[in-house]
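Open the model in your viewer and keep the sequence panel visible. The stops below are given in the order in which to select them.

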Amino acid sequence: MLFSLMEGLESVARDLTKEARKRTETRASRRARGATLRPGTKTQLWNALSAAIRPHLKQRGARAVLARELNVHRARIGEYFDQGSAMPDAERTLLLLLWLNRRAQLENPQT
């Protein structure tokens, strides 16, 4: 289930990459090796994951539950998924993938 979810995210990320490249300038910006990535056109996988999670946050209290699970302030969830001004670290990103997988299993239980 998780691997099919990842394949779907990869497909969406590739589509988003094509669209982003069409809209952005072709000049390459040089960044220092190891510099922190910011959400944007160069973070296609994060954009795809964020788009997959966003619909699950519409229910009242869902943001607070997710914030508790990730051990972050609830406002941080808005920075991740609404404003697009921040991305979680690697450990929290993996927790997000597991959270999304559990939500998908709850919605579509295999009997």
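Start with Asp89, which is partly exposed at 39% relative accessibility; the class lies between buried, under 20% relative accessible area, and exposed, over 50% (1.4 Å probe, protein chains only). Add Arg92: its side chain meets that of Asp89 in a salt bridge, 3.2 Å from N to O. Arg92 is partly exposed too, at 23%. A salt bridge here is a side-chain nitrogen of Lys or Arg within 4 Å of a carboxyl oxygen of Asp or Glu, and the count by this rule is five.

This is a predicted model, in which local features need pLDDT of at least 70 and side-chain atom pairs count only at pLDDT 80 or more, while totals for chains, interfaces and linings use all residues. Residues are numbered from 1 along each chain as its sequence is written, and side-chain values use heavy atoms, leaving out hydrogens and water.

Next, select helix α4 (residues 74-83), where Arg76 and Glu79 sit three residues apart, about one turn of the helix. Helices are DSSP runs (H or I, at least four residues), numbered from the N terminus. The two side chains form a salt bridge at 2.3 Å, N to O. Glu79 has a relative accessible area of 24% and Arg76 one of 34%.

Move to helix α1 and pick Glu10 and Arg14, four residues apart, about one helical turn. Their closest N and O atoms are 2.5 Å apart, in another salt bridge. Arg14 is exposed at 52%, whereas Glu10 is partly exposed at 35%.

Finish at Arg38, in the loop between α1 (2-23) and α2 (44-53). Arg38 is exposed, at 53%.

Methods. Helix = DSSP H or I, 4+ residues; strand = E, 2+ residues; numbered from the N terminus.
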